[in-house]
Amino acid sequence: MENKKHTRKGDIIFSDYTPGDGIKKAVTLSREDILFEIKDSKLKGRGGAGFPVSTKWMLAAAAISDEKYIVCNADEGEPGTFKDRVLLYEYPELVFDGMVIAGYTIGAKKGIVYLRGEYEHALKPLEDYLQKMRDENLLGKSILGIRNFNFDIEIFVGSSAYVCGEETALIESLEGNRGEARNRPPYPVNTGFKKKPTSVNNVETLCCIPHIVLNGGNWFKKFGTGESTGTKIFSISGDCEKPDVYELPWGTTLKELLEISGAQNTKAVQIGGASGQCVPKAQFNRKLAYEDLPTGGSIIVFNESRNMLKVLKNFMEFFVEESCGQCTPCRIGNRKLLEGVNMIEKGEYTFTYLNKLKELGKTMQVASKCGLGQSSPNSFISILENFNDEIFSYNNGGTHA
Amino acid sequence: MLVSEKTSLTEEIELLVQKYGNDRSSLLKILQDVQKNHRYISEFAQQEIARLLKIHPVEVYSVVSFYAFLNSKPKGRNIVRICRTITCDMKNKEAIAKAVERELGIKMGETTKDKKFTIEYANCLGLCDEGPAMAINERVYTKLTPEKAVEYLNSVK
Ligand SMILES: Cc1cc2nc3c(=O)[nH]c(=O)nc-3n(C[C@H](O)[C@H](O)[C@H](O)COP(=O)(O)O)c2cc1C
Ligand code: SF4
Ligand code: FES
């Protein structure tokens with residue numbers, strides 16, 4: 001893996017930052033001031049769900065408890081996303097300063113990074129970095145000499161299960177259980193790790209925090225759109241010349257994204273990984289923003305040579321494998337959808353049955369217990385709808401090998 | 001398993017329980033260390049962990065069976081995982097898998113006779129910008145060609 005930090009440019013996360021500065025500024029402010037700036041910034045969670053960070057932190061700050069936790073969600077398992085890997089390697093100062101500021105703001109003494117098992121290679125550099133922070137009194141007891149400001153960070157390595165990125169499954173996993181999503185409510189901000197108030201935040205979300213504390217919410221809002229403030233880190237892969245992470249303001253169009261990454265003859269773009277939707281060429285003027293195409297940042301580019309049915313099959317195999325099996329719509333539903341794809345591949349389908357499968361997909365979206373089963377039908381539905389010409393000529397001696 | 005092996009495994013687990021604490025939340029850390037040391041978590045190890053954490057052995061088994069990186073059946077000393085997810089698939093992960101299969105004379109999911117390697121498919125390794133990607137134990141290898149993949153395998157002791 002290449003470290004390209006010196007070449008990266010961006011308005012917020014990839015801008016200049018001196019390690020520790022966010023913490024030094026935060027301790028001159030009151031908790032209320034920090035919460036105000038975050039509220040003013042309108043920062044939304046970058047892990048995919050887009051929940052306002054200030055709301056989560058206000059609830060966590062208001063919860064009365066002797067123990068609270070900040071969890072950094074570094075389980076990044078959505079196909080096509082690798083931004084958190086880059087942030088952990090190249091910008092650990094932002095991730096950890098963000099966690100310390102979170103601890104100060106909500107009154108937590110402990111932070112836990114849930115690092116996906118596949119990223120164990122990052123463990124050593126991250127632990128070295130944490131030690132450096134302790135040596136500089138940016139972590140540990142009486143941070144920056146402030147009495148009663150104690151906060152430390154532990155890294156917990158997962159054992160590979162995509163669903164553990166879902167925050168309640170993640171907490172189950174931390175507690176030594178199978179990573180099965182819990183019913184919500186109660187939410188983790190009230191009843192989280194070890195039943196204590198817990199704020200789970202994505203790596204990228206935490207990276208925004210030091211910059212907001214230093215420059216204010218108003219500055220943050222200068223970037224992006226009305227509803228989608230700030231920037232987003234996009235992980236772009238697939239058929240393009242420069243697959244990489246890019247920091248761009250929310251509101252950037254797909255067309256612009258394709259140009260920047262050197263994509264040519266593009267037929268379709270998958271937004272938000274396997275659980276997202278597939279957008280055809282006719283819609284490349286659409287904007288990446290909560291108002292139009294929301295995304296956790298996974299962007300996969302397909303050129304004209306790709307067979308979209310094969311793409312869909314790869315996604316459905318992923319979900320069949322990763323469903324935790326706890327609830328029926330998701331456990332059985334994903335199998336049925338994959339069977340449907342196999343039937344189309346073999347030319348053994350009826351449109352009546354496929355329509356039933358689309359209905360099943362819609363049922364899964366409402367009846368599944370967690371986001372995995374609620375979103376796994378997205379690609380099935382969007383690919384069949386947007387590429388039906390291609391897919392259903394496939395069996396009539398179409399051009400797809 | 002020999003009696004002496006059993007005693008040493010028990011001792012090893014006792015040390016792990018001391019290190020991480022006998023709270024339920026230590027379970028994954030203990031399992032991960034046993035997995036790392038032995039490349040699998042035997043039924044006996046699971047029973048000992050359950051005994052020392054004061055939980056039912058079925059609880060331990062249900063956790064082991066849930067996570068892709070934990071297993072209750074013996075595997076090779078080196079576990080090779082080739083990413084099969086979309087971007088690596090588009091970058092011809094198939095050719096990588098075939099080359100590795102041919103070189104080792106086994107199929108995906110199998111272990112070599114000398115127990116040196118187990119090869120399997122994995123879901124997205126988060127290296128999609130540098131695919132096709134593969135991991136050998138904790139180390140990752142990117143921008144593979146079939147030839148390079150085999151070279152990396154051969155460099156493993
Ligand atoms: C199946 C599934 C997988 C998820 N994976 C991740 C993940 O890898 N990283 C992440 O930050 N959030 C993931 N989430 C979202 C989390 O549940 C949660 O919303 C997020 O961590 C909150 O942090 P944020 O508000 O900063 O985005 C996932 C959700 C679902 C349903
Ligand atoms: S939706 Fe799927 S992953 Fe989520 S709880 Fe149900 S079975 Fe498990
Ligand atoms: S698809 Fe292979 S690393 Fe992401």
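# The chain A–chain B interface and the domains of chain A

Reader: What is the area buried between chain B and chain A, and what share do carbon and sulfur atoms give?

Author: In this predicted model, about 3300 Å² is buried between chain B and chain A, and carbon and sulfur atoms give 53% of that area.

Reader: And which three residues of chain B supply more of it than any other three?

Author: Those are Phe66(B), Met90(B) and Asp129(B), which together supply 20% of the area that chain B buries against chain A. In terms of contacts, 34 residues of chain B are in contact with 49 residues of chain A.

Reader: How many salt bridges are there between chain B and chain A?

Author: The count between the two chains is 4 salt bridges. One of them joins the side chains of Arg84(B) and Glu321(A), with an N to O distance of 2.4 Å. Across the same interface of chain B and chain A there are also 23 residue pairs in polar contact, both residues being at pLDDT 80 or more.

Reader: Which helix gives the most to the side of chain B that touches chain A?

Author: That is α2(B), which gives 5 residues to this side. The helices of chain B that each supply at least two residues there are α2 (27–38), α4 (57–66) and α5 (86–90). By class, the residues of chain B on the side that touches chain A divide into 15 nonpolar, 8 polar and 11 charged.

Reader: Switching to chain A alone, what domains does the assignment give?

Author: The domain assignment of chain A gives domain 1 at 21–220, domain 2 at 231–303 and domain 3 at 308–397. Taken over C-alpha atoms, the centres of domain 2 and domain 3 of chain A are separated by 22 Å.

Reader: What do domain 2 and domain 3 of chain A bury between them?

Author: They bury about 940 Å² between them, with 69% of it on carbon and sulfur atoms. On the domain 2 side, Ala274(A), Ser275(A) and Cys278(A) supply 48% of the area buried against domain 3, more than any other three residues. The contact involves 10 residues of domain 2 of chain A and 13 residues of domain 3 of chain A.

Reader: Any polar links there, and which side chains meet in a salt bridge?

Author: Across the interface of domain 2 and domain 3 of chain A there is 1 salt bridge, and the side chains of Glu390(A) and Lys267(A) meet in a salt bridge at 2.9 Å, N to O. That interface of domain 2 and domain 3 of chain A also has 6 residue pairs in polar contact, both at pLDDT 80 or more. From domain 2 of chain A, the strands β7 (266–271) and β8 (277–280) each supply at least two residues of the side that touches domain 3, and by class that side has 5 nonpolar, 4 polar and 1 charged residues.

Reader: What surrounds ligand 2?

Author: The residues around ligand 2 include Cys324(A), Cys327(A), Cys330(A) and Cys370(A), along with Val163(A) and Lys369(A). The shell around ligand 2 divides into 6 nonpolar, 5 polar and 1 charged.

Reader: Last topic, the backbone: where is the peptide bond from Arg184(A) to Pro185(A), cis or trans?

Author: The bond from Arg184(A) to Pro185(A) is cis, with omega near -5°, and a cis peptide bond also joins Pro185(A) and Pro186(A), where omega is about 0°. Pro185(A) is placed in the loop between α7 (167–174) and β4 (198–202) of chain A.

Terms used
Residues numbered from 1 in each chain as written. Chains lettered and ligands numbered in written order. Predicted model: local features only at pLDDT ≥ 70, side-chain atom pairs only at ≥ 80, totals over all residues. Heavy atoms only, no water. Domains from an automatic or database assignment. Contact = heavy atoms within 4.5 Å. Buried area = accessible area lost by both parts, 1.4 Å probe. Polar contact = N/O pair within 3.5 Å; in protein donor to acceptor, adjacent residues only side chain to side chain. Helix = DSSP H or I, 4+ residues; strand = E, 2+ residues; numbered from the N terminus. Nonpolar A, V, L, I, M, F, W, Y, C, P; charged D, E, K, R; others polar. Near = heavy atom within 4 Å.
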